[in-house]
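Me: I am new to this structure. Please take one strand, look at it closely, and follow its contacts outward from there.

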Amino acid sequence: MHRIPRGSLAALIALALGAALTAAVTGGNPSGGRGTGTPAPAEAARAASGTFSKRVVAACLGDPHEIVRAPDGALWGTEKSGRKVTRVDPASGAKPTLLGLPQAVHGEGGQDGVLGMAVERREDGGAYAYIAYSYDIDPAPAVRARTRIERCTHDAGRERLHSPKAVIAGMPSGNDHQSARLRPGPDGKLYHTIGDQGVNRFGDFCRSSYAVRLPTAHEVEGRDRTAYRGKTLRLNTDGSVPADNPVLDGVRSHVHAYGHRNARGLAFGPDGTLHSNEQGPKTDDEINILRGGADYGWPDVSGHRDDKAYVYADWSASWPTPCDEPTLSDFEIPASVPVQRESDFTGPFVRPIHTFGAVGSNFDFQDPRYARGERWSVCRPTIAPSSSEHYGTSRKSADATGEGLPGRDDSLVMTTLEDGTVYRVDLAPDGQDVSGVTELITEENRFRDTEFSADGMSLFVATDSAGPVRDERGAPSTGPLENPGAIIEYRFQG
């Protein structure tokens, strides 16, 4: 790997940690905001507070990860740490358990557990639920976690999910960068995201990235899913590999696209265009259009190939000093760690159609205004996108009523975590570009996923039970989350 003299890296940033930050600009592109000392425009705040009424539908949930409006009109939600699937009545807030998954593995504070879910309507009026969750493959005390997807049948009379049937098993799992967004495609396939598993950072900084490592024929034949890290998968509903999946390095597998860090959102447009959002390191959260067989750049490139505020420092390849000897730093790269600039990567990759939190190489990631507790990760210029929903297709896919909100059919609704904001992302008419970004809601909540009401006038949002978020000044909040582990209805007021 190409090495760069340390003197030229003073203003650049190593392979980074989590996410965070930017403010909303109504009708524009968030580019500064709470984390950089620039307050959000007052009119944006007034619009955010006056556009929607708020009602907590259900509380005390165990980290809801995915919520889906089901055929019976209820919201079905997975609970990551609660290890179950819950049916939430949008009117009464009643929340009986549809399916318990006590075998699911969830580490305290981890991103594993009961995760993505997709609902398929059957011709007889019933429904299947496809559920992704972490499990232990070894009965020994030490947990060896993997991810599986099962299909369960809905019993409407008894309000339960039953008869689990394995779709796919043995996929990577870990306590970081799980991604695990599961979506049914208009082509009848299942799409599932797997993050890079948090390699090259925190406790996993000595593990290599597999985001661009493609499966071999031997691995496909042996059902070895190791190379599925950092990928978007495309599966038949029985778990087999679709015959029209891309052939990559001479091998056809479940891999649809690759080069992902932490792809949290998947949303199909009316013409089948697949939009994805992805968390960047310190900078460059992305909105991408996913195409079969394409590389989306990570870890060689974050955002655009512009050599700004990011270099790939491969800690796992530290030499001659072993990786476990240097002290991991988010701000200084020891001489033993090989470094690659974005421009050193000359291979083809798909550029994002929009980025958030892009900054120059002189940006101060240790601004003393945000040094409280040295929680620098909460104050980065990223916003930590966590889900995506296409207003037009999502609302109409489940017995939509009425006309919905005018002019919103070509837009995405996107949640964020440490930024504590729900955004509307307006798309160009052909869905191939972003025309504007608007802040809808900002609170001291970690927003995880969304769903629309049948009439399109309400937005249901799921929140994390715990975790860091910024306060109104852009610094790490010292108080509890406003609505931990909840499903909230925001009703459009006109």
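The request is about strand β9 and what lies around it.

Reply: One caution first: this is a predicted model. Every value below is computed from it.

Start with the strand. β9 covers residues 160–172, and K165 is part of it. Which residues does K165 touch, beyond those up to four places away in sequence? They are I149, E150 and R151. These three numbers fall within strand β8, which covers residues 145–155. C152 belongs to that range too. The C-alpha atoms of K165 and C152 are 6.4 Å apart, although 13 residues separate the two along the chain.

Now go to the start of β9. R160 is its opening residue. R160 forms a salt bridge with D155, and their closest N and O atoms are 3.8 Å apart. D155 is where β8 ends. R160 has a relative accessibility of 29%, so this residue counts as partly exposed.

Step back one residue, to E159. E159 sits in the loop between β8 and β9. What is its salt-bridge partner? The partner is R87, with 3.4 Å between the closest N and O atoms. R87 lies in strand β4, residues 84–88. The pair links distant parts of the chain, 72 residues apart. Are the two residues buried or exposed? R87 has a relative accessible area of 16%, so R87 is buried. E159 has 25%, so E159 is partly exposed.

Next, L161. Its number places this residue in β9. L161 also belongs to the largest nonpolar core, which has 19 residues. L161 is among those that touch the most other members, together with W76, V85, L99, L101 and I131. Two or more core residues come from each of β5 (97–100), β6 (114–121) and β7 (127–136). β7 gives the most, with five.

L99 ties several of these pieces together. Setting aside neighbours within four places in sequence, L99 is in contact with K84, V85, I131, C152 and L161. Read that list by strand. K84 and V85 fall in β4, and C152 falls in β8. I131 falls in β7. L161 falls in β9. In general, nonpolar side chains of soluble globular proteins tend to be buried together.

The picture has a second half. Apart from this core lies another one, of 18 residues. Y130, I168, L182 and I194 are among its members. I168 has a number within β9. Y130 has a number within β7. These two strands therefore have residues in both cores: L161 and I131 in the largest, I168 and Y130 in the other.

Salt bridges also occur away from β9. The whole structure holds 26 of them. One joins D124 to R122, the closest N and O atoms being 2.8 Å apart. D124 is exposed, with a relative accessible area of 58%, while R122 is partly exposed, with 23%. Elsewhere, E66, R181, R183, E389 and D449 are linked in a network of salt bridges.

To sum up, follow β9 along its length. R160 has a salt bridge to D155. L161 is in the largest nonpolar core. K165 touches residues I149, E150 and R151. I168 is in the separate core.

Technical notes: Residues are numbered from 1 along each chain as its sequence is written. This is a predicted model: local features need pLDDT of at least 70, side-chain atom pairs count only at pLDDT 80 or more; totals for chains, interfaces and linings use all residues. Side-chain values use heavy atoms; hydrogens and water are left out. Helices (H or I, at least four residues) and strands (E, at least two) are DSSP runs, numbered from the N terminus. Contact means heavy atoms within 4.5 Å. A salt bridge is a side-chain nitrogen of Lys or Arg within 4 Å of a carboxyl oxygen of Asp or Glu. Buried means under 20% relative accessible area, exposed over 50%, partly exposed in between (1.4 Å probe, protein chains only). A nonpolar core is a set of buried Ala, Val, Leu, Ile, Met, Phe, Trp, Tyr and Cys residues joined through side-chain atoms within 4.5 Å.
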